[in-house]
Amino acid sequence: MRIRIVDAFTDRPFSGNPAGVLLLDAFPDDAWLRNVAKEVNHAETAFAHPLPAGGEADWALRWFTPVAEVAMCGHATLATAHVLHSTRAHEGPVRFATRSGVLIATPQPDGSLTLDFPTAPLTPVPVPDGVAEALGAEPVSAFDTGPQVGDLLLELADEKTVLGLAPDLRSLGRFSERGIIATARAEEPATGHDYVSRCFFPNIGIDEDPVTGSAHTALAPFWSQRLGSPDLTGLQASPRSGHVRTGLRGDRTLLSGRAVTVIDGELLA
C-alpha cells in the first residue's frame, strides 16, 4: 500500500511537522496500526479509510504516535487532507469521523487548508509546584486545556524566554496528561506572527513536537482574548518551526496552513 510522509503547517520540505499518511480500505487491527506508527517514528501517523456516501462524514481517521493512539491531532489531519486533495481521492471539503467528533478540512484558493476543530476550554489553575524548575523558566500564568487536548498551558514572560527553553523532559511529564504548551506574546508582530509557542509531550513519546495543531485550539482563545482579535498567526518555534493561522469562532477554532509531500513510497509489511 502507499505510504506518504507529509510536512504540515509549512510550504517547504524539511520544516513544519512531518506525519505519515496511509489511505486504507478499512482499519486493520490496532496492533498493526501501532507497529506502523512505531516504524514511521514521527510524532503522528494518520490512518484513514472512506465511509459510505450519505453519512455525516466522508472518511474515518485515526492518529497514532510511536507509543499511543491520540484523541486529536491537527498536523496529521492537515497532512491527510493534503494527500486526499493532491491525489484527487477527494474533492472539496472533507469531513473526518474521529474520536473528537467530525472534523472538517476545507481547501482554500491560495492552496492552504483550513481545519475546523473544537475550541479547547481554558481553566485558570495555580502554577504547579516544581514546574518552573522542570521547564527552566518561571510561568506568568497556567491554564488547564481540557480533556481533548490534555496539556498544561504556561504563559511565559516573553518570546526570548520561550525560545531559550531547555526543559527537564522527564520531570515535565508529571504535570499534565499529554504535556506542556509554553507560550508568550510576539516581540515583533511585524515579523509575521502574533504569539510564539513550544510544545513538549514526553508522556506520548514526543520530546518536542515541531508544530502542534491541537495545541493551537487552546492558544487561539488564549491569545485572541489578550490581543483583541479573533484572527491571529502563531509561530511554533521548534527547530523545524512552522506557522498556524488561527481563527476563533466561539466553540470552534479554525487552523489554517499548508503542507507538502516529501516521501511517497510503498509499505510492504
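This is a chat about the strands, pockets, cysteines and salt bridges of a predicted model.

Student: Hi! Before we start, what kind of model is this?
Tutor: Hi! The model is a predicted one.

Student: Okay, strands then. How many bridges join S6 to S7?
Tutor: Five bridges join S6, residues 94-98, to S7, residues 101-107, and the two strands run antiparallel. One pair to look for is alanine 97, which stands opposite valine 102 in S7. A hairpin connects S6 to S7 through two residues.

Student: And what does S7 pair with after that hairpin?
Tutor: S7 is joined by four bridges to S8, residues 113-118, again with antiparallel strands. There, alanine 105 faces leucine 115 in S8.

Student: How many residues sit between S7 and S8?
Tutor: Five residues lie between S7 and S8 in their hairpin, and glycine 111 in that turn has a positive phi of about 95 degrees.

Student: Which strand is joined to S8 by six bridges?
Tutor: That's S17, residues 252-257, which runs antiparallel to S8. Threonine 114 stands opposite serine 256 of S17.

Student: What about S16 and S17?
Tutor: S16, residues 242-249, is joined to S17 by five bridges, and the strands run antiparallel. Threonine 246 has leucine 255 in S17 as its bridge partner. S16 and S17 form a hairpin with two residues between them, and glycine 250 in the turn has a positive phi of about 65 degrees.

Student: Let's switch to pockets. What's the volume of the largest one?
Tutor: The largest pocket holds about 220 Å³ of space. Its lining has 14 residues, and Phe9, Thr10, Asp11, His243 and Arg258 lie nearest the centre.

Student: Which strand gives the largest share of that lining?
Tutor: S16 does, with three residues. S16 and S17, the hairpin pair from before, each supply at least two residues of the lining of the largest pocket.

Student: How does the lining of the largest pocket divide by residue type?
Tutor: The lining of the largest pocket has one nonpolar, seven polar and six charged residues.

Student: And the second largest pocket?
Tutor: The second largest pocket has a volume of about 180 Å³. It is lined by 13 residues, and the closest to its centre are Val70, Ala71, Gln148, Glu177 and Arg178. That lining divides into seven nonpolar, two polar and four charged residues.

Student: How many cavities of 30 Å³ or more are there?
Tutor: The count is one cavity, with about 60 Å³ of space in it. Of the 13 residues lining the cavity, Glu44, Cys73, Arg178, Asp209 and Thr212 lie nearest its centre. Helix H2 (74-86) and strand S14 (206-209) are the elements that give two or more residues to that lining. By type, the cavity lining has five nonpolar, five polar and three charged residues.

Student: Cys73 caught my eye. How many disulfides does the model have?
Tutor: The count is zero disulfides. For cysteine 73, the nearest cysteine sulfur is that of cysteine 199, 11 Å away.

Student: Are those two cysteines buried or exposed?
Tutor: Cysteine 73 counts as buried because its relative accessibility is 4%. Cysteine 199 is buried too, with a relative accessible area of 0%.

Student: Last topic: how many salt bridges turn up?
Tutor: A search of the whole structure finds 12 salt bridges. One of them links arginine 2 and aspartate 264, with 2.7 Å from N to O. Arginine 2 is in S1 (residues 2-8) and aspartate 264 is in S18 (residues 259-266), so this pair ties together parts that are 262 residues apart in sequence.

Student: How exposed are the two partners?
Tutor: Arginine 2 counts as partly exposed, at 45% relative accessibility. Aspartate 264 is also partly exposed, with a relative accessible area of 44%.

Student: What else does aspartate 264 bind in a salt bridge?
Tutor: Aspartate 264 forms a salt bridge with arginine 4 as well, the closest N and O atoms being 3.6 Å apart. Arginine 4 is buried, with a relative accessible area of 8%.

Student: Which salt bridge ties S8 to S17?
Tutor: The one between aspartate 116 and arginine 252, whose closest N and O atoms are 2.7 Å apart. Aspartate 116 lies in S8 and arginine 252 in S17, so the pair ties together parts that are 136 residues apart in sequence.

Student: Which residues form a salt-bridge network?
Tutor: Asp30, Arg62, Glu69 and Arg99 are joined into one network by salt bridges that share partners.

Terms used:
Residues are numbered from 1 along each chain as its sequence is written. This is a predicted model: local features need pLDDT of at least 70, side-chain atom pairs count only at pLDDT 80 or more; totals for chains, interfaces and linings use all residues. Side-chain values use heavy atoms; hydrogens and water are left out. On a 1 Å grid over the protein atoms alone, a cavity is a set of points where a 1.4 Å probe fits but cannot get out, and a pocket is an open set with protein on both sides within 12 Å along at least five of seven lines; lining residues have an atom within 4 Å of a point. Grid points are joined across faces, edges and corners, and a volume is the space filled by probe spheres set on the points. Ala, Val, Leu, Ile, Met, Phe, Trp, Tyr, Cys and Pro count as nonpolar, Asp, Glu, Lys and Arg as charged, and the others, Gly among them, as polar. Two strands pair if DSSP finds at least two bridges between them. A disulfide is a pair of cysteine sulfur atoms within 2.5 Å. Buried means under 20% relative accessible area, exposed over 50%, partly exposed in between (1.4 Å probe, protein chains only). A salt bridge is a side-chain nitrogen of Lys or Arg within 4 Å of a carboxyl oxygen of Asp or Glu.
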